[in-house]
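Dear colleague,

I am handing over the structure we spoke about, and below it you will find notes on its cores and pockets. Please read them with the model open beside you.

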Amino acid sequence: CNHFFDTPSSSSGSPFILLDPCDPCAPGLPRFSPLKKNRPTTQMSKTWDARKLKPECPHDTTYYLKCCLGGVLSCGLTHTAVCPLDVVKCNMQVSPEKYKGLLSGLKTVIAEEGTGTKGIWKGWLPTLFGYSAQGLCKFGFYEFFKDLYMNMAGEHNTCMYTGAIWLAGSASAEFFADIALCPMEMVKVKVQTSPKGTWPTDFGPALGQMMAQRSTTAFPFGSVVPLWSRQIPYTMAKFFFFERIVQLFYKHVFTKPKSSYDKSTQLAITFASGYLAGIICAIVSHPADTLVSLKGKAANAGKGFGQIAQDFGYGNLFTKGLGTRIIMIGTLTGLQWWIYDSFKTAMGMGTTGGLMKCSCPQCKDKKPTAGGH
């Protein structure tokens, strides 16, 4: 300690002695610690929390559960609605020599199998069950993982690397969503691609036969790896490009604050962004989608995916049924986002996406951007 005080003393020749005030034995002196500096106290700043960016709509458990329900409606209803297109698309992938186009494929299926649930609508029930479960995880878990990764990154890194957080959040959500989807997807594909009379079309018997023949069908999770290969890139593209396109709309076309536009305008932006994102999704995920369809073909029973791809032709994996899938997935993705955001709006949660404003010291003076500085 460098601080000493003079105090009178009667026991020494000097009227004063030097006492160290840090000495606990020093009588009647104020205590000082050599390890603690006397500093002005400052109030700690509040920790940034992505879940509380909108005080009027905090991202609590109720919020995430509502997002899960919105995902159920979004994916379950839309995939079921386009079931006829899905039947034709799957058959174009499995039997391209017979089903050469969308319109001709529709005519062939209707002529041979009819317009009911044993024909063009076959597989609608496993579609509804499977994609409802997938939508619950896809949208609800995305909101959760996005907030989680934003908080892990911190405010400034979230601003700088927004796109990476979207990609990580959507990939994490889809990993679990595909596990939920896989059993029903395998039933659906088998029902939709089996020639008439070779496999049950009603849900109960079809599910029972899948279980009874699991040694050859690999039910219930035999297709989860190609599903991950198809759906994780698809979902990463779906969420990344949707969020980015929404931001670009609000930056270059609808340049007033988002809150100044009515709900119908915001939902129109949602649909347009979803449709454009869906086109990209279809192209990215098409080869893996073709493999999933081919796996259900009787001639491919017991074959690995590498052998199936080699037999079918790698070029065909990228092209067969792609046009139909672009139409289907573009419409599907646009409707999914519209239904999801309509549900969120009805629940008072607002639509998804928009320009970001970072208030951290490095960014607080900069203008809102379309995803980072």
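In these notes, the helices are DSSP runs of at least four residues, numbered from the N terminus. Please keep in mind that this is a predicted model.

I begin with the interior. The largest nonpolar core holds 23 residues, and those with the most contacts inside it are Tyr63, Phe139 and Trp337. Several helices, among them helix 1 (61-81), helix 4 (124-153) and helix 13 (322-346), each supply at least two residues of this core, while helix 9 gives the most, with seven residues. Apart from its neighbours within four places in sequence, Phe139 is in contact with residues that include Cys67, Lys238, Trp337 and Tyr340. A second, separate core has 13 residues, including Tyr131, Val191, Ala206 and Leu227.

Turning to the pockets, the largest has a volume of about 1,100 Å³, and of the 43 residues that line it, Leu53, Lys54, Gly353, Gly354 and Leu355 are the closest to its centre. Helix 4 gives the most to this lining, with four residues, and by class the lining divides into 17 nonpolar, 15 polar and 11 charged residues.

The second largest pocket has a volume of about 270 Å³ and is lined by 21 residues, with Lys190, Thr217, Lys295, Gly296 and Lys297 nearest its centre. Helix 6, helix 8 (214-217) and helix 10 each give two or more residues to its lining, and the largest share, four residues, comes from helix 6. This lining has eight nonpolar, nine polar and four charged residues.

With best wishes

Methods: Residues numbered from 1 in each chain as written. Predicted model: local features only at pLDDT ≥ 70, side-chain atom pairs only at ≥ 80, totals over all residues. Heavy atoms only, no water. Core = buried A, V, L, I, M, F, W, Y, C linked by side-chain atoms within 4.5 Å. Buried < 20%, exposed > 50% of the residue type's maximum accessible area, 1.4 Å probe, protein only. Contact = heavy atoms within 4.5 Å. 1 Å grid on protein atoms, 1.4 Å probe; cavity = no way out; pocket = protein on both sides within 12 Å on 5 of 7 lines; lining within 4 Å. Points joined across faces, edges and corners; volume = space filled by probe spheres on them. Nonpolar A, V, L, I, M, F, W, Y, C, P; charged D, E, K, R; others polar.
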